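User: I have a model open and would like to walk through parts of it with you. Can we start with a single loop residue and go on from there?

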Amino acid sequence: MNQILRARLRFAPETASCLRESAYPNLRVLEQLEGGYTLVEIEIDPGKHPCGFPLELLSWVLSWGARVEVLEPPALRRAWLEEARAIVERYCSSSPFPSSFVFWAHSHPDPSRWQPLREHLANVAALAAARAQPFGEEENARLAGLLHDLGKYGDRFQLRLHGKISGLDHWSAGAHVALLDYRSPKVALAVQGHHLGLQSGAKENLKSMQLRSDRRGFPESLWLSEVNLGLLKGRLQEDGLALPPPSDAILEAPSSAAAMLDTRMLFSALVDADFLDTEAHLRGQGYRPTPPSLQVGQALARLEAYLEELGRDERIPARIRALRKALSDAAAEASKRPERLFTLTAPTGLGKTLAMLRFALKRALRDPRIRRIVVVLPYLSILDQTAKVYRDLFADFGPHYILEDHSLAYRPLRQELSDEQDVAEIERRLLSENWEAPIILTTHVQLLESLHANRPGACRKLHNLAGSVLLFDEVQTLPAHLAVPTLKTLSRLASEKYGAVVVFATATQPAFESLDERVRRGEPQGWQPVEIAPEPRVLFQQSQRVGVDWWLKNPLPWTHLAALLAADPQALVVLNLKRQAHALFRLAEAQGLEGLFHLSTALCPAHRLKVLGEVQARLSEGAPCRLIATQVVEAGVELDFPVGYRALGPLEAIAQTAGRVNRHGLRKEGRLVVFMPEDEAYPDQAYAQAAKLTRALQAEGGLELTPDAFRRYYQSLYSLQSPSDPEIERLILTQNYAELARRYRIIESPAVNVVVPYNDEAKALMQEARDRGIAADWIHRARPYTVPYFLPKGGPPAFLEPVFLRFGRGEAPDWYLCPDEALYSPKLGFIPEEGGGVGLVI
């Protein structure tokens, strides 16, 4: 006697009344399910039917359309799905409505263009694998791509796409499978975080990834789209997708910075793939531009020709030209070495920018893994100058050969896109999302904070750092307390796994190699870079252009300093605080000094660039030019004064000011005076400590601006200021991505952003904020007209106007407008103290 089989079917809520009227023989209701669904069972005698069930049963099931799902037996479910798919494939292309026989990933304004989940998962898996291939994680990336939207196979999510439900978690199911079936914390974290951001990889947090029986998702305010993992995996396989066999590996919770970078790189590959496929679905395949390749041979030939031309430029002293060539040749020779960590220690004015570029292109010519060059700079003023050099060199290499990614790179778009510049700007913005360009110019803040980030948008570009040469300029600006965690991450990036090469360049090289033991602690790599420059000590001696006088016994009054400015037609004064610069400027202005300029962060970035241009023009013309500035003028700003005055500060800051004096060696010797101002004050405690250390070392018997002096200075500084934040070290041990991202900040400032009325564009942005509120695009456009401001304890003063978030409720917490034009001076910038405010202007 044949065994009786039982078919189980789940009917949608709207079938309740009809089901009783159109019941099939031997049907009985088993239970009422959550959401109004009905579970029924039908007894079948399989012996009388070749396919294991009566064909009229299949016809009866199909008559219910999308309002029924066959759960078992497998033969009936397969037949039901095959019939449904055949109908969809034959008629779906002409249907104006999305079919309920298909599991969907994304809706679309055009109902005929909804994206099947099967297609999205396959696309993301393939794209993620391709992005992870350069660092050997293609299989994990493919698995993450298949699992990242596993929860979308739940009925609740399909209802959500039709607008019938909300507040669902579709990522936890895939994270659970990645962790418990495949024993991979990094895949699980990437899947869990592809919308929310990477969370915590600590053991207790990994345990919490197991799906909850109460249907609560992550975060708890959301509901799981489905708790039955077998059902979800079964639907994925029935959709024609195959998961690899489960793993029986031991599940271990990692605890290193290297492991965190590994997870972020995998996460980057996944989220970029997800963004790209979703974008292609919504906007079409041709929406995103394809950038050119690095074109190493042609780029190197162009650079070599330019260097030869510079070598014949008789406007540059022969001694300087010879030193520049020696440095450039040393960089070319160093590119042959197999190591991946390098330093370039050379005085200002010897062509480090072009020497590093030559190193990078030569390395790329020898190393097939190198795909791009990333130039990383601390200040926008340096970046602007470097970008001009690169663009002039490679002007005909394609519209997106060089990609700038920083706040001033954005140009405003008109509502009606009408010209090629608008199209190019849109394409540039798209490429900046994932750094799809052969040469990237960016900032320390952008790159280093992204390498320690947890959000999808910030991490999306990281996978493209594999196979890159990263050229860091002015590395002395890295905050001391971030040194060790930063070196840990960069050393992992420069490992064989990722194939990146890192160069740290500056005239004031920090003694980071002395931190090797701390960097190596708990990590697979340490920090032992190779110096590119041959005998930096000799190089500094041969290129000495500035004599330093130390006036530290007694404070120098402002009146005395103003008199010195009057005596020098071209002179630079660098002070530690904005209030000091304002006081000296007003005194010099009252004396009627010609060619007087001020430069500080009281000027918005667009204003600073304009002032720098005017100063550079007057210096080249030999016209009177007296510049009173804060530290914003240091590190890479292309200025060449005959004499400079620097308030006592950290040794590296003094050396950077020296780099703005006799920069090109056109005079026999420049002169820098280091003095104690009458108003001795510093921006913060760490800055004050470094300044006092400088004074102490100078008092011990003289202090020269040489590599040996800087090594001694930095080693002493590390004993005063810890090169690592203990809290960050704890977060690395516990693999807490979200908290580490909040803690790791290159610029720590409680200041808010104030948009100032610098020009008509700034005023138009203010009005737009009032009319529409602010969003990310507005912030990008407003950056050039923004200054930092420290709110007083009593709250925002009356002269600041709050703005509202465009997509959200309430005021923006850190953005304000200053509509009062009287508070923005064309010479001094933002001067709220003159409006009666008590905000800090330093």
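Analyst: Ser-495 lies in the loop between helix 19 (483-493) and strand 14 (501-506). Helices (H or I, at least four residues) and strands (E, at least two) are DSSP runs, numbered from the N terminus. This is a predicted model, where local features need pLDDT of at least 70 and side-chain atom pairs count only at pLDDT 80 or more, while totals for chains, interfaces and linings use all residues. Residues are numbered from 1 along each chain as its sequence is written, and side-chain values use heavy atoms, with hydrogens and water left out.

User: Is Ser-495 buried or exposed?

Analyst: Ser-495 counts as buried because its relative accessibility is 7%. Buried means under 20% relative accessible area, exposed over 50%, and partly exposed in between (1.4 Å probe, protein chains only).

User: What is Ser-495 in contact with?

Analyst: Arg-340, Ala-500 and Gln-525, leaving aside neighbours within four places in sequence. Contact means heavy atoms within 4.5 Å.

User: Now His-195. Where is it found, and how accessible is it?

Analyst: His-195 is in helix 8 (residues 185-196). At 38% relative accessibility, His-195 counts as partly exposed. Not counting residues up to four places away in sequence, His-195 touches His-170, Trp-171, Arg-455 and Pro-456.

User: And how far apart are the C-alpha atoms of His-195 and His-148?

Analyst: They are separated by 9.8 Å, with the two residues 47 apart along the chain.

User: Switching to sheets. In what order do the six strands of the open sheet come?

Analyst: The order is 16-21-20-17-19-18, with parallel pairing. Two strands pair if DSSP finds at least two bridges between them. Strand 16 (546-556) and strand 18 (596-599) stand at the edges with a single partner strand each, so one side of each has no neighbour in the sheet. From one strand to the next the twist averages 15°.

User: Which helices pack on it?

Analyst: Helix 22 (residues 558-567) packs on the sheet, touching strand 16, strand 17 (570-574), strand 19 (625-629), strand 20 and strand 21. The direction of helix 22 makes about 150° with that of strand 16. Helix 23 (residues 578-590) also packs on the sheet and touches strand 17, strand 18, strand 19 and strand 21; its direction makes about 170° with that of strand 18. Axes are lines fitted to C-alpha atoms, for helices over the stretch in contact, and angles run from 0 to 180 degrees between N-to-C directions.

User: What about helix 25, how many of its residues are buried?

Analyst: Eight of the eight residues in helix 25 (residues 651-658) are buried. The axes of helix 25 and helix 27 (residues 707-720) come within 10 Å and cross at roughly 150°. The two are therefore roughly antiparallel (angles under 35 degrees count as roughly parallel, over 145 as roughly antiparallel, 65 to 115 as roughly perpendicular and the rest as oblique).

User: Which residues meet there?

Analyst: Leu-651, Glu-652 and Ala-655 in helix 25 meet Ala-709, Phe-710, Tyr-713 and Tyr-714 in helix 27.

User: Last one, strand 1. What does it pair with?

Analyst: Strand 1 (residues 5-11) runs antiparallel to strand 3 (residues 38-44), joined by seven bridges. Four bridges join strand 1 to strand 4 (residues 68-72), also antiparallel. Leu-9 has Val-40 in strand 3 as its bridge partner, and Arg-10 stands opposite Glu-69 in strand 4.
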